[in-house]
Amino acid sequence: MSVDAEVRAWLRERGTETVKHPGGTLYAHLCRVQQRLAALGHDQHVQFAGLTHAAYGTDGFDLALLFWRDRETLRDLIGPHAEELVYLYAACDRDRSWPDLAATHQITDRFTGAVVRLADWQLTPFVDLSTVNELDVLEHDPARLDQHRAYFTGLFTAWSPITSPAVATEIRRLLTH
């Protein structure tokens with residue numbers, strides 16, 4: 001069985017196909033995020049982070065598939081670089097981190113309270129994962145898009161120096177029509 005198939009089976013075993021999420025189920029959302037990251041040119045570790053980004057829950061989605069301190073389980077499944085991105089994504093206190101992320105390259109860890117500076121190799125993948133996740137939710141929930149368009153336009157504009165060109169194109173496609 002391929003790693004991709006193993007990860008998808010792991011997600012299904014944790015009930016992601018039964019959890020409602022904009023666009024259908026959590027499983028469908030996770031798969032779309034992975035596929036979009038692949039289509040936008042990200043390597044496999046970023047794609048696996050996209051596929052499992054909700055494993056520890058997130059600041060915007062409380063359901064955790066795995067306790068955040070049990071990181072070895074996910075690390076063994078998707079690899080250390082992918083798991084590190086998943087942890088950073090899950091741990092990110094969005095209110096305290098997102099507004100100044102482009103300037104500081106730091107997130108506040110909502111689990112520990114620590115302020116963490118993202119490594120250079122993590123910054124754009126982290127921003128692109130965060131952006132692609134939000135774009136998928138907004139595309140599948142038009143009311144949320146209407147309600148939060150100005151917020152996300154401002155946020156993604158602030159992040160533009162640390163966003164990949166491919167993701168910047170996706171942002172324009174969704175938010176400027």
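Student: Let's start with Glu84: is it buried, exposed or partly exposed?
Tutor: Bear in mind that this is a predicted model. The relative accessible area of Glu84 is 26%. Buried would take a value under 20% and exposed one over 50%. The 26% lies between those cut-offs, so Glu84 is partly exposed.

Student: Which residue forms a salt bridge with Glu84?
Tutor: The closest N and O atoms of that pair are 2.9 Å apart. The bridge links distant parts of the chain, from helix α4 to Glu84 in helix α5, 13 residues apart. The partner in α4 is Arg71.

Student: Which other residue forms a salt bridge with Arg71, with closest N and O atoms 2.6 Å apart?
Tutor: Look again from helix α4 (residues 71–78) to helix α5 (residues 80–91), where the partner sits 12 residues from Arg71. With Arg71 at one end, the residue at the other end of the 2.6 Å pair is Glu83.

Student: And what is the relative accessibility of Glu83?
Tutor: Arg71 counts as buried because its relative accessible area, 17%, is under 20%. Glu83 is buried too, at a relative accessibility of 0%.

Student: Which salt-bridge partner does Arg32 have?
Tutor: The structure holds 12 salt bridges, and Arg32 takes part in one with an N to O distance of 2.7 Å. That pair joins helix α2 (residues 26–39) to helix α8, 104 residues apart. The partner counts as buried, at 4% relative accessibility. In α8, look for Asp136.

Student: Gln122 is also in α8, so where does its side chain find a polar atom of the backbone?
Tutor: Helix α8 covers residues 120–140, and Gln122 is in it. At 7% relative accessible area, Gln122 is buried. A polar atom of its side chain lies 2.7 Å from the backbone nitrogen of Ala119.

Student: Leaving aside neighbours within four places in sequence, which residues is Gln122 in contact with?
Tutor: One of them is the partly exposed residue we began with, and Gln122 itself is buried. The contacts are Glu84, Leu85 and Leu88.

Student: On to the largest nonpolar core: which element supplies its largest share?
Tutor: In soluble globular proteins, nonpolar side chains tend to be buried together. This core has 53 residues, and Leu74, Leu101 and Phe126 touch the most other members. Helices that each supply at least two of its residues include α1 (3–13), α3 (44–51) and α10 (165–175). The largest share, eight residues, comes from α5.

Student: Leaving aside neighbours within four places in sequence, which Trp is in contact with Leu101?
Tutor: Leu101 is among the three core residues that touch the most other members. Its contacts include Leu118, Leu123, Phe126 and Val127. The Trp in that list is Trp159.

Student: What volume does the largest pocket have?
Tutor: Its lining has 18 residues, with Gly60, Arg94, Glu134, Val137 and Arg144 nearest the centre. The volume of this pocket is about 280 Å³.

Student: Which element gives the largest share of that lining?
Tutor: The elements that give two or more residues to it are α2, α8 and α9. One of them accounts for four residues, the largest share, and that is α9.

Methods
Residues numbered from 1 in each chain as written. Predicted model: local features only at pLDDT ≥ 70, side-chain atom pairs only at ≥ 80, totals over all residues. Heavy atoms only, no water. Buried < 20%, exposed > 50% of the residue type's maximum accessible area, 1.4 Å probe, protein only. Polar contact = N/O pair within 3.5 Å; in protein donor to acceptor, adjacent residues only side chain to side chain. Contact = heavy atoms within 4.5 Å. Salt bridge = Lys/Arg side-chain N within 4 Å of Asp/Glu carboxyl O. Core = buried A, V, L, I, M, F, W, Y, C linked by side-chain atoms within 4.5 Å. 1 Å grid on protein atoms, 1.4 Å probe; cavity = no way out; pocket = protein on both sides within 12 Å on 5 of 7 lines; lining within 4 Å. Points joined across faces, edges and corners; volume = space filled by probe spheres on them.
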